[in-house]
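Please look over the sequence and the structure below before reading on. The paragraphs after them go through selected parts of the chain.

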Amino acid sequence: MASLDVLIHLRRTDTTTAAVRQGLALAERLGAWTCGIHVVAIAPAAFASPEAVALQVHEADEMVDEANARKDWWLAELAARKLEGEWQVAQGDTVEVLSHAARWSDLVVLERPQLNPDAPTGWGLVSRTVFASSAPVVVVPDSVTQERAATRIVVAWNRSREAARAIHGALPLLRLAEEVVVLEGDPVENPFGLRHLPKLLETAHALSADLIVMGAWGHSRITELVLGGTTRHLFQSSDLPLLVAH
């Protein structure tokens, strides 16, 4: 029986996206129980009037039915990798659903669209889920084409609580990695790490890394939103998957 649980969020159910491929590859590497989850979001504007509520409920019911119909496809994807798991369809606020499901997961995998990256202020779905999740989150840019997953890992270590949590959550993958390189930074001299951000990605590419492990939102949330910071920059700019924890 699988000893770890991986939760993969599917923004869409009609194709196998980069996040799904990476999530399944990670689950296969870990031999994990794998849950695919799709959330039919309900916009607050839907409750503006009785007519809007009725229309939204009808449309949402149709989307739920369509998503439920993808269960066999998902189970076939798992079977092809000799994985066990399940398919879940939820309705409501996506962040609330994912943060709730994360309580029973060891790892959460999310897609980060590049054409519409996490909100300019760092307050999009990915950032809010990382902030609310009790489990580490693998953020996968939708442009990722690599087939490898967590074989060569770069760890960004700055002695913060968040970095320690990320490393702890990544331990099962670190144990299986072919190579792990730890990059140590100074959180005092340069608290936002702005000068070193391009170097982190350059180094990861130079090492042929396929995963970066790091803490998220290690400084004041408001300060990072206003002035930027490592988390925001990498969420918006990284072309490699990031395993992060807050």
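What follows is a walk through strands, salt bridges, loops and one surface patch. The model is a predicted one.

The walk begins with the strand pair β1 and β2. Strand β1 covers residues 5-9, and strand β2 covers residues 33-41. These two strands pair in the parallel sense, and five bridges connect them. One of the matched positions is L7, whose bridge partner in β2 is C35. Strand β2 is mostly covered, since seven of its nine residues are buried.

After β1 the chain enters a loop that leads to α1 (18-30), and T13 has its place in this loop. Is T13 buried or exposed? Its relative accessibility is 16%, and a residue counts as buried under 20%, so T13 is buried. T13 and G36 are 23 residues apart along the chain, and their C-alpha atoms are separated by 9.9 Å.

Salt bridges come next. How many salt bridges does a search of the whole structure find? The search finds six. One of them joins D14 and R12, with the closest N and O atoms 2.8 Å apart. The two partners fall into separate classes of accessibility: D14 counts as exposed because its relative accessibility is 53%, over the cut-off of 50%. R12 has a relative accessible area of 44%, so R12 is partly exposed.

Another salt bridge brings together the side chains of R81 and E77, with 2.9 Å from N to O. R81 is partly exposed, with a relative accessible area of 23%. E77 has a relative accessible area of 17% and is therefore buried.

A further salt bridge is formed by the side chains of R152 and E179, where the N to O distance is 2.5 Å. This pair links distant parts of the chain, as R152 lies in strand β6 (residues 152-157) and E179 in strand β7 (residues 179-184), 27 residues apart. R152 is partly exposed at a relative accessible area of 25%. E179 is also partly exposed, with a value of 30%.

Strand β6 also holds I153. With a relative accessibility of 2%, I153 counts as buried. Which distance separates I153 and L211 in space, C-alpha to C-alpha? The distance is 5.0 Å, although the two residues are 58 residues apart in sequence.

Two loop residues have a backbone angle worth a look. R159 is found in the loop between β6 and α6 (161-176). Its phi is near 70°, a positive value in a residue other than glycine. R159 counts as partly exposed because its relative accessibility is 47%, between the cut-offs of 20% and 50%. S208 lies in the loop between α7 (197-206) and β8 (211-215). Phi of S208 is near 55°, again a positive value in a residue other than glycine. The relative accessible area of S208 is 39%, so S208 is partly exposed.

The next stop is strand β9, which spans residues 242-245. Which residues of β9 are on each side of the strand? L242 and V244 are on one side, and L243 and A245 are on the other. All four are buried, and both faces of the strand are thus covered. Strand β9 has pairing partners as well. Strand β5 (residues 137-141) runs antiparallel to β9 and is joined to it by three bridges. In this pairing V137 has V244 in β9 as its bridge partner. Strand β8 runs parallel to β9, and four bridges join them. Here V213 stands opposite L243 in β9.

The last stop is on the surface. Which residues gather there in a patch of negative charge? They are E59, D61, E62, D65 and E66. One of these residues, E62, has its place in helix α2, which covers residues 50-68. E62 is partly exposed, because its relative accessible area of 42% lies between 20% and 50%.

To go back over some of these points on the structure, start at β2, where seven of nine residues are buried. Then find the link between R152 in β6 and E179 in β7. Finish with β9, whose two faces are both covered.

Conventions. Residues numbered from 1 in each chain as written. Predicted model: local features only at pLDDT ≥ 70, side-chain atom pairs only at ≥ 80, totals over all residues. Heavy atoms only, no water. Patch = residues over 30% accessible without salt bridge, like charges linked within 9 Å, V, L, I, M, F, W, Y side chains within 5 Å. Areas by Shrake-Rupley, 256 points an atom, 1.4 Å probe, with all protein chains shown as cover. Salt bridge = Lys/Arg side-chain N within 4 Å of Asp/Glu carboxyl O. Lys, Arg positive; Asp, Glu negative; His and termini not counted. Charge placed at Lys NZ, Arg CZ, Asp CG, Glu CD. Buried < 20%, exposed > 50% of the residue type's maximum accessible area, 1.4 Å probe, protein only. Pairing = 2+ DSSP bridges.
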